[in-house]
Every structure is written in structure tokens, then in C-alpha cells.
Amino acid sequence: MTSSLSRRTVLAAAGAAGLVGVAAGPAAAGSRPRSASLVVHNARVFTGLPGARPVEAVAVGRDGRILATGRGNELRRLVGRDTEVVDARGATVMSGIHDGHVHPLGAGSRSLRPSLEGAETTKEELLAILAGFLKDTPGQEPDGWLVVEDWNPVGLLPQGTLPHHSLLDALPTRRPVALVGGDGHNIWVNARALEIAGITAATPDPVGGKIVKGADGRPTGVLKDDAQPLVTRHIPEPSEAELVEACARVLGRAAASGVTTMMDAWVGRGELSTYQALSAAGKLPQRIVPAIRIDSEQAKDPAAALAYARALRLEFEGVRGLRFGMIKVFLDGVIEYPAQTAALLEPYLDGEGRPTTNRGELYVSGQDYGRLTAAFNRAGWQLHAHGLGDRAVRTALDGYAYARRATGLRDARNAVAHLQLVDPADLRRFAELGVAACMQLQWAAQDTWTMEALLPYIGPERHRWMYPARSLERHGARLSGGSDWPVDALQVWNQIRTAIDRQGAHGEGPLHRELEGLSRTSALRMHTYGTAWQLRMDGETGTIREGRAADLVVLDRDVTECPVADISDTAVRLTLVGGRVVHDADSTSGRTASAGLARAVSAPRPSAYAAVHGGRHRACGCGTN
């Protein structure tokens, strides 16, 4: 491992040994080869190409594409007088990370508010933390909202304690208070916020959402999924300038993690406007595939939904860095207790092994989803379904099967995201239908979310099929990777490590490692080529070969050979997108981004309170937005 890269231009290093000592002199007209803008050598290059010969050097052309790969001495001919040469010192060079399900603008927005960091606390401890946040924001009585991010919906101790507005009402304030679930599926508010939103016992559940009510029929203050906007529409938004600056910072952190492509899995006009502003300001380092969200009601009218998506594409398709063609639909919610809105084939258990009558929520019927998919696939768009429970996964696959029959298209590359629970009968259907299995495998570890909040409520037989990555791969499925950031912290390399050992840096034990752990090569490929395939970018990026876009990362270690546990701590020294450096760890901005990243992903993401009191916490593995 190295603390910095060895790098220089050839002119500054004339006479140096090795590759940098071969600056080309005058040559006969027409005989001089094209010189590279950058050559990285002394590397372990992970090309992502099955059966590829060993590669130790990569040359980047002046058009932003890979000019050549090979051994160091083979690329000497491409070193010109102004070529920058980087010595990787035996570390890995590979394709940049392609994040196939992420919410970067949400990460920017969340960074502007105080955070509970997913802490598990008693009621008394939570009140103490929130009282501190109130003191930090004086002069806002009685109408200034206190909005706190990353509330843990299963984090009240002792386990099984349910949130109620009466607890928040005990705070010494008249201000409306909202705790936003780190899972993106829940919000908990006080009575003042319910009053402002006009939510009473008579308020009906909106389509795709639920107002949680107590035995007395009155709202408890918890709102799920599409009921959340009943409150959030009343919360003031940050200014555009504040949001753009915050998003620029978090995108810089993503570049420092090695992320070169993102599929933003929840986009409407507001988000596209923010991307437009970021692009205009030159603060959009990654390639972005925006997935336009179609809600449950829109899904019932495919023609209108298609017109809506086309109008947004027409308005924003000129924005540099955006690539349209993706649609996002929620099919269900989350599986963990107490939410239990993920759609299951068999009912949830009551925690004592007895079946209940609850099979979760299916927000879009299979028939509606099939018709919607067919309409968009015919028009050249792809569908990306939030499918967390096994019934939602089956509904997505049924919809894709219908669309294939209706359109005759064989390579639509639709996807299902999260796949927390998959019925074994459906494993083969991914390959049969050409569907991408987009997985967030940093959650595939034993922890509160997968054990205490889940195992008693689904039983061991179903629990064995949690995040069945290897089983899907064995049945021929195309695996792609995503972080779902900021539902969870952006920890790219721990994410890849957890896909292999099913425990990661923060797990309390391995989650079905022998059955579902991936090989190192599979884990790396799913987060590069696999996601590029999902996004229809596999002919452009995701592998290292001549002619592909130079979306590259230079790491501080050899992730192809180092101990698996060491992958978690990988640092990115250099990130390129289209040959352009978007992160340089040795620059001032690179050091700033790396420091911010270290703070953001420091495990287990301790809040000031939890660092003192030792509370366990983590953002939800539900995969939400």
C-alpha cells in the first residue's frame, strides 16, 4: 500500500529509470505513434474481461478513451514529451465503480440537516439527543421545523418499542418535529406536525402509503411510504444554491470512493433541475442515468406515464452528463419489523412462529406493471422495480414476462432492485427474461436488521434466501451492484468485501456465506461490468480494453490479491471519467473529499451520543428509494 502515487510528466523526469525514461525523440514523418495523455504502469490491472491476459499498464488517449493495455515495456512507444506517467506501485487499476441504485441528491439534501446516524437508543436517550438539536437551532419557536435525518425505525430500545407522537410531544418545544427514517420508507412526527398536515383519525391512507394508527384509531405520528408527503410537503426546502453546493460536496466524495457512473433511482423535475445546475457549474463529475419515478397511480395509465417521462427527457436531455432511458417503480415497501410493508408470498409471522394475516403491501398489480413495462420497452425505455419481498419480485418478473410476450423484445434489460427475499422458484427467471438483479450486498450480514428485526418474523426457511447472490449467479442471472446511498453510508469497498464474505466490517457474523457468498472476481465484476450492462453502457465502459471510455480508478492496494477483510479499507488515489481526472488524492481538493468521505463512512457511523454510549446503529438494509 502507498500513501501517494509516484507520478510525473516525462519532461520533468527525463533520464528516470523504467517506463518514464523513454521519452520519444524526433522520428521520421508518419512513423511516430500517437502519444498518450496518461500512462499508468506497474499495476495489477483488473480488466473485467474473462480470460484476459495479464495486464500491468494502461494508456489513456487524448480523446478520453483507452488507447492500449499491456505490459509496461509494450506501452513505452505511447509515452510522449507531455504524457503524464503514474507508477501504481503494484496496486490495482480497474474500471470505475458503477452504482446501479443510488440517491446522490438525497445524500446532499440530508447533509444539510442534523442526523441521528441510525442510532439505537432508549426513549430517554433519544429525547436528550433531540433536545440538543433544539438548543443548536435557537430562535425558531414556534413554527420553525426541526427535521432530523437518519432516524432508525427499529432503533427504539428495548427492542419492540414502537414510536408514538406523544414521545416527541414531551420535548420542550412548540415547533413541528420530524424524524426522517434512514430507510426512506418511514417518517415520525409530533402532534404539531400532524396538526399542520391536517392528519386526523379520519384521514384515509393514500395509494401506496399508510398512516399508522393506534388501537384508538388516531394517528400515531408514523407515516409510511407514499403517506410521507402528507407531512413533507409542508417542510421548507433549502435554497437552490445551498442544495447545489451540498450535492457538489457529496458527489466529490463519491468520486473519491471511485464511483464514475450512477443510476439515480428517484428522479422528478426537481432533481433534474438540480442536475442541470450542477452540470452548468461544472460540478457533475460522474455519468448520471436518471430513473424517472412513476408512482402507483401513474402506473395504471401507461400512455400518460410515457408522455410524462418523454416530456421530462425533452426538457433536460441537453444537460451534459445525463443519459435518459430509465423508469423507476416501487412495487412494495420494507420487510423489517415493525414496518413489514414488503410484499410476501406467505404471511409474516408474529415473532413466535405463528402466521399472521399480513402479507405486506403490493403497490402496483402484476397486470398494471406488465402493461406499463410493455409501453415503455416499446419506446426504448427500461424499467427498474423496487422489489424487496418475494411477492414483489415475482410481480416484477411476471410483468417483464408479459412485456416480452407483448413486444417481442429480447434485450430490454429491465431490472429488479434489492432482492432481499427471493423465492427459489424464481431464481431461473432472471436469466430466462434477461432481467438484471441489482443488489445492495453491504446489507448481507448478520445485524439487527437481518436478525432481530427479521428472522423471527419470516422464519429460518425463508431467511436462508436473504440476498441470494450466488444462487442467482448460478442460475445465470446478470448481477449488478448498487449502494442505495444515503439509505446506507457510501462504503463502496466494504460493499464489495461484504458481497464476498457476507459479514463486512460491521456485521456481527456471516449471513449464509457458504450458500450465497460471491467470488472476488464476481463481486468486482457486478460493480463494474454488471452495472454497465444493466444501464446499457457495457459497450462504452465497465471494462478495461482498447476503445472503451477511460473511466478508471487507481487504488492504494491490490484488491485482487489482498486479504478479503482488507478490501474494506481501500482508498482511491485517482479517479478518471472519460480520461478526465475527477479525484486526485494528492491534490488539495482530493484530500478534502477523502477526509469528508472518511467521516461519512466511518464505521459504525457513530453519532456523538452513540460514540459515548455504545449504541448499535446502521442505515436500513431495505433499499428503498
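Student: Is Met 263 buried or exposed in this structure?
Tutor: Welcome! This is a predicted model, and Met 263 sits in strand S16. A residue counts as buried when its relative accessible area is under 20%. Met 263 has a relative accessible area of 0%, so the word for it is buried.

Student: Which residues is Met 263 in contact with, leaving aside its neighbours within four places in sequence?
Tutor: Some partners carry low numbers, including Asp 99, Gly 100, His 101 and Val 102. The C-alpha atom of Gly 482, 219 residues away along the chain, is separated from that of Met 263 by 8.6 Å. The contacts of Met 263 are Asp 99, Gly 100, His 101, Val 102, Val 289, Ala 291, Met 326, His 384, Gln 534 and Leu 535.

Student: What share of the contacts in the protein chain with a separation of 6 or more comes from residues 24 or more positions apart?
Tutor: Let's look at the whole chain for this one. Its secondary structure comes to 18 helices and 27 strands, and 59% of its 625 residues count as buried. For contacts with a separation of 6 or more, the share from residues 24 or more positions apart is 74%.

Student: Which residues have the most contacts inside the largest nonpolar core?
Tutor: In soluble globular proteins, nonpolar side chains tend to be buried together. Here the largest nonpolar core has 98 residues, and helix H6 gives the largest share of this core, 7 residues. Those with the most contacts inside the core are Tyr 369, Phe 376 and Phe 430.

Student: Which residues does Phe 376 touch, not counting those up to four places away in sequence?
Tutor: Phe 376 is one of the residues with the most contacts inside the largest core. Its partners are Ile 294, Ala 305, Leu 306, Ala 309, Ile 327, Trp 381 and Leu 383.

Student: How many residues does the other core have?
Tutor: This core lies apart from the largest one. Among its members are Leu 134, Trp 151, Leu 156 and Val 222. Two of these names, Trp 151 and Leu 156, also appear in the lining of the second largest cavity. The size of this other core is 18 residues.

Student: Which element supplies the largest share of the lining of the largest pocket?
Tutor: The largest pocket has a volume of about 1100 Å³ and is lined by 35 residues, with Ser 109, Thr 232, Glu 237, Trp 266 and Glu 271 nearest its centre. By class, its lining has 11 nonpolar, 13 polar and 11 charged residues. Several elements each supply at least two lining residues, including strand S16 (259–267) and helix H7 (269–280). The largest share, 4 residues, comes from H1.

Student: Which helix gives the most to the lining of the largest cavity?
Tutor: About 80 Å³ of space lies in the largest cavity. Of its 13 lining residues, Tyr 400, Arg 404, Ala 412, Asn 414 and Leu 433 are the closest to its centre. With 4 residues, the helix that gives the most is H10.

Student: How many charged residues are in the lining of the second largest cavity?
Tutor: About 70 Å³ of space lies in this cavity. Its lining includes Leu 116, Thr 121 and Asn 152. By class there are 6 nonpolar and 3 polar residues, and the number of charged ones is none.

Student: Which residue has a backbone oxygen 3.3 Å from a polar atom of the side chain of His 386?
Tutor: His 386 is found in strand S19 and is buried, with a relative accessible area of 0%. The backbone oxygen at 3.3 Å belongs to Asp 332.

Key:
Residues are numbered from 1 along each chain as its sequence is written. Side-chain values use heavy atoms; hydrogens and water are left out. On a 1 Å grid over the protein atoms alone, a cavity is a set of points where a 1.4 Å probe fits but cannot get out, and a pocket is an open set with protein on both sides within 12 Å along at least five of seven lines; lining residues have an atom within 4 Å of a point. Grid points are joined across faces, edges and corners, and a volume is the space filled by probe spheres set on the points. Ala, Val, Leu, Ile, Met, Phe, Trp, Tyr, Cys and Pro count as nonpolar, Asp, Glu, Lys and Arg as charged, and the others, Gly among them, as polar. A nonpolar core is a set of buried Ala, Val, Leu, Ile, Met, Phe, Trp, Tyr and Cys residues joined through side-chain atoms within 4.5 Å. Buried means under 20% relative accessible area, exposed over 50%, partly exposed in between (1.4 Å probe, protein chains only). Contact means heavy atoms within 4.5 Å. A polar contact is a pair of N or O atoms within 3.5 Å; within protein, one must be able to donate a hydrogen and the other to accept it, and residues adjacent in sequence count only if both atoms are side-chain atoms.
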